[in-house]
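Work through the exercises below with the model open. Try each task before reading its solution.

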2 protein chains.
Amino acid sequence: MNKEFLIQVHNRVKPSIHRTPVLSSMLINEMVGANVFFKCENFQKMGAFKMRGAANAISVLSEAEKQKGVITHSSGNFAQALSLAAKKAGIPAYIVMPKNAPQVKKDAVKSYDGIIIESESTAEAREAMAETVRLEKGATFIHPSNNDDVIHGQGTAAIELLDEHPELDYIFTPVGGGGLIAGTALAAKYFSNHCKVVGTEPKNVDDAYRSLKSGKIQFNLNGATTIADGLRTFLGDRNFPIIKEHVDSIIRVEEHEIIEAMKLIWERMKIVIEPSSAVAFAAVLKNKESYKNKSVGIIISGGNVDVTNLPF
Amino acid sequence: MNKEFLIQVHNRVKPSIHRTPVLSSMLINEMVGANVFFKCENFQKMGAFKMRGAANAISVLSEAEKQKGVITHSSGNFAQALSLAAKKAGIPAYIVMPKNAPQVKKDAVKSYDGIIIESESTAEAREAMAETVRLEKGATFIHPSNNDDVIHGQGTAAIELLDEHPELDYIFTPVGGGGLIAGTALAAKYFSNHCKVVGTEPKNVDDAYRSLKSGKIQFNLNGATTIADGLRTFLGDRNFPIIKEHVDSIIRVEEHEIIEAMKLIWERMKIVIEPSSAVAFAAVLKNKESYKNKSVGIIISGGNVDVTNLPF
């Protein structure tokens, strides 16, 4: 791993992604007492940063592998991302989704020509089904977050952010499965001399916080819920070592803080973001005394949210 | 009036405004069958294009006039815009607002140091109060839409849009008091050889449509309502001649079409826009057969909306 390698990753994914804008707001800067820069992956293709990792993972496949397609298990943004990235590459994407996944999520995958395979809703059932299909189709399994190429792809958002704002003292990201924060940590290491990476989590699903504290991957209680439902997933053996080595800290926030931060961004920035994206800004707001006059980047992870069912 | 004059207007307002981004969406282009470019004035300072006209109107005042401040009557975006533009110029802004205006609108004006003067809610009472204060303070009255400098300032959004997309065949704007569409029509005349300007209105308050048809300024029925409440105002003697001469046509849309267009933009573009902005996109959607393979610009007029009280 070195800077040149990550530049190559970026060059490979560029044709498949948007270079998303970096927005800022005078009012928010005054409110926080810092210079805050929002990297708007809600404007990314399919509405989330996951497009970057999916595109990179497909770009490294051989022609023979490509022909047999790719497979993942996800009911969230990665399902859509892999479907769209595969469609652009002209190859099939098999998406294992729980039977009880919302119709709107199934429709989104279908709109990108993803081939849905239903499973029971436990993690074990999803993984077993993915393995069955992988063997049957010869497709390449691509984990949504615990895959080196996915991790490197997700890091390209921070590469672009640091390219525009090399002065950043911090980059905040939400932490779900760990792909985004691990990729961001690598980007900060190789594209900045001093920028620290801070992870942020809902207190209700603070597995990454506990993992970093204990040094071992921790899990969330079955049935633990949060409005930032994309962040209920846990870290893996590919991303946790990177996180342990390069992430400064993980900050936890309450549900009401997530909702307030989300509303503030909608009202002040005039952008539609999903609750997971608001977790990072909530953490900055909550600890603003620590970032006085600093330059703080925030990865707005996505904007796929049901606008008819908002928490405010 | 000539191109050089409008370039000077643009140069004068530049320090007071954001150059807002022009966004587009592959999905929306496929849906419409045209190349659609959204000029995002929801990202403008104070959240609406009105900042442009307010800044220009203040920029042309003499030092003596500036010292005595400015006055307008508005309970909408222009009240905030004039307050903020005046604050930036270091001069007082007196804002006549109806007593019964929502507290959130009064708070917004106060947040920009606007000095609120309450009146009864009829148009006559507001105008009388504005005249009283004007005489008392010696402040310069600046009408929200029927003022040459305001009209020219509002046109700078279209100048920027045509600078980035000189190929545009059409620019669509909402029509309220007529300042935006008149300014846009002048910009199209001097900054494009072929771009037509189309106005759009809620059918419930179609005064501009009827004005263009009859050749005389028409009004709306007392109590006529629309979700796009910023568009209930009527044209004036400064902007109507420009509209008559340079606007191609005015398209009317139904309330449900406005709401559907608004929801589509929130969901697909991931941006927060107010209902008035959605009127223009609703008109494009409704008549998409007429714009097949054309390049269509849309001025997204603003994003000041109560996110806790949405129509979907």
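A contact means heavy atoms within 4.5 Å. This is a predicted model, in which local features need pLDDT of at least 70, side-chain atom pairs count only at pLDDT 80 or more, and totals for chains, interfaces and linings use all residues. Residues are numbered from 1 along each chain as its sequence is written, chains are lettered from A and ligands numbered from 1 in the order in which they are written, and side-chain values use heavy atoms, with hydrogens and water left out.

**Exercise 1. Describe the overall build of chain A.**

Step 1. Take the contacts between residues at least 6 apart in sequence: in chain A, 72% of them join residues at least 24 apart.

Step 2. List the secondary structure. Chain A has 14 helices and ten strands. Helices (H or I, at least four residues) and strands (E, at least two) are DSSP runs, numbered from the N terminus.

Step 3. Check the radius of gyration, taken over C-alpha atoms; the globule rule is 2.2 Å times the number of residues to the power 0.38. For 312 residues, a compact globule would come near 20 Å, and the 18 Å of chain A agrees.

Step 4. Count burial. Buried means under 20% relative accessible area, exposed over 50%, partly exposed in between (1.4 Å probe, protein chains only). In chain A, 57% of the 312 residues count as buried.

**Exercise 2. Place Gln154(A) in its surroundings.**

Step 1. Find the element: Gln154(A) lies in helix H8 (residues 148-154) of chain A.

Step 2. Check exposure. Gln154(A) is buried because its relative accessible area is 1%.

Step 3. Look for neighbours. Leaving out residues up to four places away in sequence, Gln154(A) touches several residues, including Phe49(A), Arg52(A), Gly53(A) and Leu180(A).

Step 4. Look at the side chain. One of its polar atoms in Gln154(A) lies 2.8 Å from the backbone nitrogen of Gly53(A).

**Exercise 3. Compare two residues with positive phi.**

Step 1. Read phi. Lys270(A) has a value near 60°, positive in a residue other than glycine. Asn293(B) also has phi near 60°.

Step 2. Locate them. Lys270(A) sits in the loop between helix H13 (255-269) and helix H14 (275-286) of chain A. Asn293(B) sits in the loop between helix H14 (275-286) and strand E10 (295-300) of chain B.

Step 3. Which is buried and which is exposed? Lys270(A) is buried, at a relative accessible area of 9%. Asn293(B) is exposed, at 69%.

How values were computed:
Polar contact = N/O pair within 3.5 Å; in protein donor to acceptor, adjacent residues only side chain to side chain.
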